[in-house]
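I opened this model to look up a few local features, and I kept short notes as I went along. The entries follow in the order in which I looked things up.

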Amino acid sequence: MNVSLLDLNKQYENLKPQIKQAIDQVLDSQAFIMGNEVHELESAVASLTETKHAIACASGSDALLLALMGLEVEAGDLILTTPYTFFATGGAIARLGAIPVFLDIENDSYNLDPKHVLSFMEGRHPLNKKEGMSPSAVKGIMPVHLYGQTADMRALSNLAKRYGIFLVEDAAQAIGAKYQGQQVGSFGQAACFSFFPSKNLGAYGDAGMIVTNDDALAERFALLRLHGAKPKYHHKFVGINSRLDTIQAAVLNVKLPHLLSWSSQRKDVADTYRNLFESLGIVAPKATDLTDNTLVLPAAPYGTEENGGKHIYHQFVIRVNKRDELQQFLKDKGIGTAIYYPIPLHEQECFAHLGYSPSDCPNASSAAKQTLALPIYPELERIQIEYVVNCINQFLNT
Ligand SMILES: *Cc1c(COP(=O)(O)O)cnc(C)c1O
């Protein structure tokens with residue numbers, strides 16, 4: 001049997017006529033840039049995320065950059081963030097000459113740990129000893145909702161308010177996820193989504209979105225993606241070209257009404273994995289309990305359904321001791337997996353000048369060595385999940 005990490009063909013097969021028709025309509029209209037479909041998508045995303053404004057742009061990475069530009073992040077500003085994320089999170093901060101302050105993650109959620117944010121802001125975090133790392137230089141916090149599970153938003157937004165700094169959510173992997181009943185996207189000044197093809201809501205190319213409840217910021221974001229011009233050829237500030245192609249919006253408009261049911265199918269896949277692994281008795285409760293014969297399942301530390309949490313399972317990530325060997329073993333069995341992320345940002349060459357050592361964020365460094373993403377997508381069949389689980393069980397028992 002072959003089980004690929006992600007198979008987008010089945011989704012396309014199911015939506016083919018509608019998607020072709022939507023693309024055809026754009027071709028007939030010849031309105032390739034910022035056509036009606038773009039504004040339709042913006043309204044739909046604002047409504048889905050329960051925010052006031054949604055501003056479409058060319059990618060999730062640009063959404064992060066535009067959000068920070070709109071919030072007037074400047075050279076030398078400190079932005080507190082997680083090192084355990086896709087590169088774009090730290091990249092957007094560094095692109096503006098600001099300094100990403102990588103604070104360690106929680107071992108169970110893999111998300112930014114609010115207690116390190118607090119200690120940094122109180123000036124008692126070990127990183128405060130470095131030059132320039134003073135709490136007064138901090139302009140904002142940028143948590144990531146990794147793998148589709150929210151960060152601890154109550155704690156993080158309270159800290160942002162207490163210290164008068166902004167909060168921007170990198171929600172690229174988490175559209176539709178909830179924390180205590182509240183949609184991600186509305187916890188801070190702005191939030192960013194990605195519609196990269198492999199995301200839960202994927203375009204047929206690059207696409208992104210910023211959402212905000214702030215009218216003035218919404219206007220700034222909208223202008224910044226058009227080189228800061230209003231009206232045309234009158235530039236209030238220096239922006240970038242980051243419009244969303246109408247064709248991508250048309251594809252996303254066809255897909256968006258299915259997002260809720262795709263998320264619940266993903267949850268079903270995750271529950272099936274969970275039940276099968278648990279019935280085999282190979283689950284360790286926490287990373288610190290891991291043995292060579294056990295694995296750790298994705299946790300829901302503050303994201304259980306009882307308290308209004310919703311994990312949208314962008315990825316289903318397990319944790320094991322002999323991760324690389326397991327990945328090779330599964331590959332030989334025809335099973336695709338992925339490592340998100342093999343090198344945390346505080347260990348990246350391009351940030352070497354910031355002087356981090358792996359021991360500055362030990363949880364992130366250890367997660368990078370032990371996590372493995374298993375196949376997950378709405379159309380994944382039970383028989384495929386059983387095969388994956390049985391192969392992993394075989395590996396852990398030999
Ligand atoms: C995908 C992703 C991005 C960037 O999105 P693109 O659309 O690929 O530019 C940013 N942050 C995180 C956490 C992501 O997963």
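**Ligand site**

I began at the ligand, where a polar side-chain atom of Gln-173 lies 2.8 Å from an oxygen atom of the ligand. I kept in mind throughout that this is a predicted model. Turning to the other polar side chains, I found an N or O atom in the side chain of Ser-61 at 2.6 Å from a ligand oxygen atom, and for Asp-170 I noted 2.8 Å between an N or O atom of the side chain and a nitrogen atom of the ligand. I then looked up the cover, and the protein takes up 93% of the 380 Å² of accessible area that the ligand has on its own.

Which elements give two or more residues to the shell around the ligand? I found helix H3 (60-70) and helix H4 (88-95), with the largest share, three residues, coming from H3. In total 15 residues surround the ligand, and I listed the closest as Gly-60, Ser-61, Asp-170, Ser-194 and Lys-199. Sorted by class, the shell holds seven polar, six nonpolar and two charged residues.

**Salt bridges**

I next ran through the salt bridges, of which a search of the whole structure finds 14, and I wrote down three of them in detail.

Glu-42 pairs with Arg-225, and I read 2.9 Å between the closest N and O atoms. This pair links distant parts of the chain, since Glu-42 sits in helix H2 (residues 36-48) and Arg-225 in the loop between helix H7 (215-224) and helix H8 (246-255), 183 residues apart. Buried or exposed, I asked of Glu-42? Glu-42 counts as buried because its relative accessibility is 9%, under the 20% limit, and Arg-225 is also buried, at 6% relative accessible area.

For Asp-215 and Lys-52 I likewise noted a salt bridge with the closest N and O atoms 2.9 Å apart. Asp-215 belongs to helix H7 and Lys-52 to the loop between H2 and strand S1 (53-57), so this pair ties together parts that are 163 residues apart in sequence. Asp-215 itself is partly exposed, with a relative accessible area of 43%.

The third entry is Asp-7 with Lys-10, where the closest N and O atoms are 4.0 Å apart. Here Asp-7 is buried at 17% relative accessible area, whereas Lys-10 counts as partly exposed at 27%.

**Backbone**

I finished with the backbone and looked up cis peptide bonds. One joins Lys-230 and Pro-231, with omega about -15°, and I placed Pro-231 in the loop between H7 and H8. Another joins Tyr-340 and Tyr-341, with omega about 5°, and Tyr-341 has its place in the loop between helix H10 (323-332) and helix H11 (362-370).

Where does Tyr-147 lie? I found Tyr-147 in the loop between strand S4 (138-142) and helix H6 (153-163), and although this residue is not a glycine, its phi is positive, about 65°. Tyr-147 is buried, with a relative accessible area of 4%. I made a similar note for Tyr-313, whose phi is near 45°, a positive value in a residue other than glycine. Tyr-313 lies in the loop between helix H9 (259-279) and strand S10 (316-319), and at 5% relative accessibility Tyr-313 counts as buried.

How values were computed. Residues are numbered from 1 along each chain as its sequence is written. This is a predicted model: local features need pLDDT of at least 70, side-chain atom pairs count only at pLDDT 80 or more; totals for chains, interfaces and linings use all residues. Side-chain values use heavy atoms; hydrogens and water are left out. A salt bridge is a side-chain nitrogen of Lys or Arg within 4 Å of a carboxyl oxygen of Asp or Glu. Buried means under 20% relative accessible area, exposed over 50%, partly exposed in between (1.4 Å probe, protein chains only). Helices (H or I, at least four residues) and strands (E, at least two) are DSSP runs, numbered from the N terminus. A residue is near a molecule or strand if one of its heavy atoms lies within 4 Å of it. A polar contact is a pair of N or O atoms within 3.5 Å; within protein, one must be able to donate a hydrogen and the other to accept it, and residues adjacent in sequence count only if both atoms are side-chain atoms. Accessible areas come from the Shrake-Rupley method with a 1.4 Å probe; for residues, only the protein chains shown count as cover. Ala, Val, Leu, Ile, Met, Phe, Trp, Tyr, Cys and Pro count as nonpolar, Asp, Glu, Lys and Arg as charged, and the others, Gly among them, as polar.
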